[in-house]
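Me: I'm new to this one and would like a close look at a single part, the spot marked as the active site. Could you walk me through that place, and then through what else stands out along the chain?

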Amino acid sequence: MIRSSPTHPRHRTRTLLAGAATLGVALTACSAGGAEQADAAGPSAKSPEISVNLHGKHADAGEPVRVKITDGRLSEVSVRDSEGGRLPGKVSADGKSWTSGREAAPGTEYSVRAQDDNGGSARADFTTAAPEKVNKLSLAPGNNTTVGVAQPLSVVFDHPVKNRAAVERRLDVTTSNGTEGSWGWMRDYSGRDRVDWRPKEYWKPGTEVSLKADLNGVDSGAAGGWFVRDYATHFTVGERQAVEVDLDGNRLRLTRDGQTVKDVPMSAGTPGGDKASWRGTAVLMAKEGTINMRSETVGLGDAYDKMVDSSMRLTWSGMYAHAAPWNKAYFGKANKSSGCVGMSDEDAAWIYRHVHVGDPFEVTGEDAKGTIAANNGYGEWNLSWADWQAKSALGGDAG
């Protein structure tokens, strides 16, 4: 611990207290003013003797800041970084210590200001060591968007996350109606670590959803690096609609509030091999419009290379719903595509205009090659609620 210099015109230097030399910081009185103010304050303005657990120019990041007072009681403590950010915290019940509610971030200069119950004040400064590696993330859906009732919150990390529980504790989801949900960890189709927050059931229309990812100062673990900023996103859930894809009946139906509003013939993937479609619930990931589709990108050799209209992505593995006029002989009759759900130009364009990112595509039927995996797009709806909760690093208690 180090004594701060008292509020006095000469600012007389005090000696180190026993055991405090390792702090390596200078504590100086914060109160301003000249000799008349100091004399008027009298004994009540005596600077408190405090210690701070972090000190020097290379302090360890990832630790809460702890301030202790030798005599008297702490009345207020402020810890700010060089950018004006503040670490919140609380004074203990006995007034002898203060602990920040968040960890100190790496590569950051901090100033500590402490005041005791007699009006005295003291200061300490320290800087945390710079991170060797920084972890970043991407969020879906985008901020201030409107999405369908099946859209999960999805966080994909640039580097591995070994300290999953520590990260998950900092991911705070709030909803306008108390929606029940849980985080679930997985390896994204890209190979990166990913965590999604899925409600127990489809969202209620009109739900407002916010995520605060207060990750600044959290260590993601070996080979992952530190997070050096916070993240946030907000979205609104739109109308209740779903797309029903019947593989056996070769039909696609758009329903809204449980009522069919469009029923069109289609042809899905050829059964019996790699060209078959997936079954289960997919979530519309993106409306990509007219795109070039090449068979070699999905492991089907040189079967096709086409410009395709009204393309709606359903999985990372390449399953789409789209216009497929070259397959019109099979619409409503047989599944003869290379895995996608194909429709006429007119029908595909109508569906494209009326669906929303986040709408569920519920694919049923025997003519399938299996069920969509959780990480293949947003396939988590194909897990039971209990199995989804089990994928949380906190046992499903963080929702």
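Reply: Let's start with a word we'll need: a residue is called buried when its relative accessible area is under 20%, and exposed when that value is over 50%, with partly exposed in between. Keep in mind, too, that this is a predicted model.

Now to the spot you asked about. An unreviewed UniProt entry lists His322 and Cys340 under "active site". The two span 19 residues in sequence, yet their C-alpha atoms are no more than 7.5 Å apart, so they gather at one spot.

Take His322 to begin with. You'll find His322 in strand E25, which covers residues 320-323. Its relative accessibility is 5%, so His322 counts as buried. And what is His322 in contact with, leaving aside its neighbours within four places in sequence? Met293 is one of the contacts, and there is a run of others from Val308 through Asp309, Ser310 and Ser311 to Met312. His322 also touches Cys340, Val341, Gly342 and Met343, and Ala348 as well.

Cys340 sits in a loop instead, the one between E25 and strand E26 (341-343). With 9% relative accessibility, Cys340 is buried because the cut-off is 20%. Leaving out residues up to four places away in sequence, Cys340 touches Ser267, Ala268, Gly269 and Ser277, along with Gly318, Met319 and Tyr320. His322 is on that list too, just as Cys340 is among the contacts of His322.

That's the active site; now for the charged pairs. Side chains of opposite charge can pair when their charged atoms come close. The count here comes to 14 salt bridges, and strand E20 (residues 251-256) is a good place to look at a few.

Arg256 and Glu239 meet through their side chains in a salt bridge, at 3.6 Å from N to O. Arg256 is in strand E20, while Glu239 is in the loop between strand E18 (231-237) and strand E19 (241-246), so to speak a link between distant parts of the chain, 17 residues apart. Both ends are partly exposed: Arg256 has 23% relative accessibility, and Glu239 has 34%.

Asp263 turns up in two of these pairs, with Arg251 and with Arg253. In the pair with Arg251, the closest N and O atoms are 3.0 Å apart. That pair joins strand E20 to strand E21 (residues 259-265), across 12 residues of sequence. In the pair with Arg253, the closest N and O atoms are again 3.0 Å apart. Here Asp263 in strand E21 is linked to Arg253 in strand E20, 10 residues away. Asp263 is partly exposed at 34%, and so are Arg251 at 26% and Arg253 at 23%. Elsewhere, salt bridges that share partners tie Asp188, Arg194, Asp196 and Glu380 into one network.

Last, a few backbone details. Most residues other than glycine have a negative phi, and most peptide bonds are trans. The bond from Ala140 to Pro141 is cis, with omega near 0°, and Pro141 lies in the loop between strand E11 (137-140) and strand E12 (145-147). Ala223 has a positive phi of about 70°; this residue is in the loop between strand E17 (208-213) and E18, and is exposed at 52%. Asp257 has a positive phi too, near 55°. You'll find Asp257 in the loop between E20 and E21, where its 55% relative accessibility makes it exposed.

Methods
Residues are numbered from 1 along each chain as its sequence is written. This is a predicted model: local features need pLDDT of at least 70, side-chain atom pairs count only at pLDDT 80 or more; totals for chains, interfaces and linings use all residues. Side-chain values use heavy atoms; hydrogens and water are left out. UniProt positions are given in the numbering used here, feature names are shortened, and annotations may be inferred rather than shown by experiment. Helices (H or I, at least four residues) and strands (E, at least two) are DSSP runs, numbered from the N terminus. Buried means under 20% relative accessible area, exposed over 50%, partly exposed in between (1.4 Å probe, protein chains only). Contact means heavy atoms within 4.5 Å. A salt bridge is a side-chain nitrogen of Lys or Arg within 4 Å of a carboxyl oxygen of Asp or Glu.
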